[in-house]
Amino acid sequence: AAFGASGAIFQRMLRNPLASPDVIGVGYGASAAAVTGMLLFGAQGIGLSLIACAGALAVALFIYAMADAGKHTGPRLILAGIAVAALLQALIQYLLTRADVRTAGDALRWLTGSLSASTWERAGLLAAALAILLPLLVPAAAKLRILELGDDSAAGLGLAVRPTRLGLILLGVGLTAVATAVTGPLAFVSFLAGPLALRLCGGRSNLGSAALIGALLVVAANFIASNIMPTVELPVGVVTGALGAPFLIWVLVRTNKEGT
């Protein structure tokens, strides 16, 4: 649910179906911080989760600071996020090559995204965070509807555009960070949930439906991962990645045909 709602926030705020947290670099911030904590400091459990959250927040603020330039903040944010994601991915690969095999294996399993290491302690951390963040989706949805009209129109209606955009980014980052800290970066859940919710709801998507679709995607992917191969339980991230990659290609093809 956290992944789905976060993806919908970024996609609607930036008016771009490609602008999900795992595409524009926010997810890589959590991943890079978590891998650094695991490989260099031996972080585990709650400590690892907190490091991942801090990394996602720091990277998101850095990307926003680079991109915040008036009317063109949205496109700049996407481009800056892609560039930062590439740098962080290179950092992750470097750290993995410097680690011993056993520690690197643990980090790789976390980077794939899995529910197999879930514990009640992690579930409690996620539940506490969502109890704070999910109610904020109600005012966020109202702000998004105004912001989707464009910066000039939103400002004309009395909306403080820059503070509102920053607040929405922080909410989206918070949702992505707490989910990534518990499960690892589940590929494409944030990217898929918003567009699927939009189609299933007849073009009237909202953050609640995106959150529900995100939850259903993870449950379905977990079921497939547990049952598709009788002798091997695949990580959930493998299944979500296999589902998301063709959808990403389809979005790109459709965008090219529409000339946008």
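This briefing covers the fold, overall dimensions, surface and first helix of the chain. The model is predicted. Its secondary structure consists of twelve helices and zero strands, and the radius of gyration of the chain, 18 Å, agrees with the value expected for a compact globule of 260 residues.

**Fold and contacts**
- Along the sequence, the elements follow the order α-α-α-α-α-α-α-α-α-α-α-α.
- Among contacts in the chain with a separation of 6 or more, 74% join residues 24 or more positions apart.

**Dimensions**
- A compact globule with 260 residues would have a radius of gyration near 18 Å, and the chain has 18 Å, so the two agree.
- Taken along the principal axes, the box filled by the C-alpha atoms is roughly 55 × 40 × 35 Å.

**Burial, surface and charge**
- Buried residues make up 47% of the 260 residues of the chain.
- The chain has an accessible surface of about 12700 Å², and carbon and sulfur atoms contribute 68% of this surface.
- There are 16 positive and 10 negative side chains in the chain, with 6 Å between the centres of the two sets.

**Helix H1 and the residue after it**
- Helix H1 comprises residues 2-14, and its 13 residues should span 18 Å because each residue is taken at 1.5 Å.
- The end C-alpha atoms of H1 are 18 Å apart, which agrees with that expected span.
- H1 is mostly covered, with 13 of its 13 residues buried.
- Arg 15, just after H1, adopts a positive phi of about 50 degrees.

Key: Residues numbered from 1 in each chain as written. Predicted model: local features only at pLDDT ≥ 70, side-chain atom pairs only at ≥ 80, totals over all residues. Heavy atoms only, no water. Helix = DSSP H or I, 4+ residues; strand = E, 2+ residues; numbered from the N terminus. Expected span 1.5 Å × (residues − 1). Buried < 20%, exposed > 50% of the residue type's maximum accessible area, 1.4 Å probe, protein only. Rg over C-alpha atoms; globule rule 2.2 N^0.38 Å. Contact = heavy atoms within 4.5 Å. Areas by Shrake-Rupley, 256 points an atom, 1.4 Å probe, with all protein chains shown as cover. Lys, Arg positive; Asp, Glu negative; His and termini not counted. Charge placed at Lys NZ, Arg CZ, Asp CG, Glu CD.
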